[in-house]
Amino acid sequence: MKKVWAMYFSPTGGTEKAVKTTAETLADKLGLPLDTYDFTLPDMREGEAVFGEGDIVVCGTPVIAGRVPNVLLPYLTGRVKGNGALAVPVVSYGNRNFDDALMELRNILEEDGFKTVAGGAFVSEHSFSKTLAAGRPDEKDIAIMRKFGEKIAEKLMGGWVYTAPAFVKGNDPIHPYFKPQDRNGNHIDIRKVKPKVNDDCCGCGICAEVCPMGSINPENTKEYIGICIKCCACVKKCPTQARYYDDPGYIYHKEELEELYERRAEPEYFV
Ligand SMILES: Cc1cc2nc3c(=O)[nH]c(=O)nc-3n(C[C@H](O)[C@H](O)[C@H](O)COP(=O)(O)O)c2cc1C
Ligand code: SF4
Ligand code: SF4
């Protein structure tokens, strides 16, 4: 073993925290150097990410509709090469459920040529909300992330030999995407919804810099030039709170999530 990697897509920072805390602990316990591979912004997904034997890659994405974000599939299945490196799939979810996202990410990494060692699902503030899992990951979550890193290190130092993909929770084959519903049981389709911008916008351009889809025109931040995945990076990072949603379906779904999933969901890991 030569190096530990913290590799992540993380529009609002929750996945980054889970991946980095796990990878830092793992590197520390194994006495290995740590490197970072942040593929949140579009530029970073243009080239290939090539790993090899001796690398241990802690790789994380948020959970979107119970799955790995589908916009990442071309990159994750086409440009990431394991070449026999070890991998630890990690997903971060907003207190509802991670459904099959961890299983899907494990399977993708195996297909890419990694050998998966363990997997973990952690909770952080929901992209849509300021109250759902607010303040998470908190100290308790971070202690669990560290424990996860320690347990992986113990497994690797205890003479572990790869025989099969790491056991993680989820359905295999993977179930369909989670579909939000209105009060009549009809599917709420938010795919075309995008944040609006009010007059508090000072034109600073931060939203265009942080959009993981490169979809906000930096010359005119009220104009969209690509798709929106509702990651809310632009909304949460806007210094004047000028970006907001007014789509009734989106608002209904957000409020329902806040009401139904108020209870504390706990992280789960599989080593
Ligand atoms: C479009 C969309 C769908 C989401 N679907 C789920 C979900 O199915 N279950 C869940 O618990 N959280 C869901 N979330 C919340 C994110 O998984 C959660 O906030 C995650 O921690 C965000 O990661 P980040 O901080 O790295 O951006 C969703 C978020 C978005 C933007
Ligand atoms: S981050 Fe907010 S204030 Fe800055 S350009 Fe974008 S919308 Fe305007
Ligand atoms: S425009 Fe959409 S995809 Fe881009 S940062 Fe905002 S919410 Fe995320």
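How do the residues of the shell around ligand 3 divide into nonpolar, polar and charged? In this predicted model, the shell divides into 12 nonpolar residues, one polar and one charged. Ligand 3 is surrounded by 14 residues. The closest are C211, C228, C231, A233 and C234.

**Two cores**

Two of those closest residues, C211 and C231, recur in a nonpolar core of nine residues. That core also includes I229 and A242. It is separate from the largest nonpolar core, which has 53 residues.

Inside the largest core, M7, V57, V58 and V91 have the most contacts. Several elements each supply at least two of its residues. Among them are the strands β1 (3–8), β4, β6 and β8. The helices α1 (14–30), α3 and α4 (139–157) do so too. V57 touches W5, M7, F51, A85, A87 and F114, leaving aside residues up to four places away in sequence.

**Helix α3**

Helix α3 spans residues 101–111 and is mostly covered. Nine of its 11 residues are buried. They are A101, L102, M103, E104, L105, R106, N107, I108 and L109. The charged-type names E104 and R106 are therefore on the buried list, since charged residues include Glu and Arg. What covers the buried residues includes the strands β4 (55–62), β6 (86–93), β7 (115–116) and β8 (119–123). Helix α2 (73–78) is also part of the cover. Just after α3, G113 takes a positive phi of about 100 degrees.

**Backbone exceptions**

Two cis peptide bonds and two positive phi values in residues other than glycine are listed here.

| Site | Feature | Angle | Location |
|---|---|---|---|
| R136–P137 | cis peptide bond | omega about 5 degrees | P137: loop between β8 and α4 |
| D172–P173 | cis peptide bond | omega near 10 degrees | P173: loop between α4 and β9 (196–197) |
| N83 | positive phi | phi near 50 degrees | loop between β5 (80–81) and β6 |
| C232 | positive phi | phi near 70 degrees | loop between α5 (206–210) and α6 (233–237) |

How exposed are N83 and C232? N83 counts as exposed because it has 12 C-beta neighbours inside 10 Å, and the cut-off for exposed is 12 or fewer. C232 has 19 such neighbours inside 10 Å, so it counts as partly exposed. A residue is buried only from 20 upward.

Note on methods:
Residues numbered from 1 in each chain as written. Chains lettered and ligands numbered in written order. Predicted model: local features only at pLDDT ≥ 70, side-chain atom pairs only at ≥ 80, totals over all residues. Helix = DSSP H or I, 4+ residues; strand = E, 2+ residues; numbered from the N terminus. Contact = placed C-beta atoms within 7 Å. Core = buried A, V, L, I, M, F, W, Y, C linked by C-beta atoms within 7 Å. Near = placed C-beta within 6 Å.
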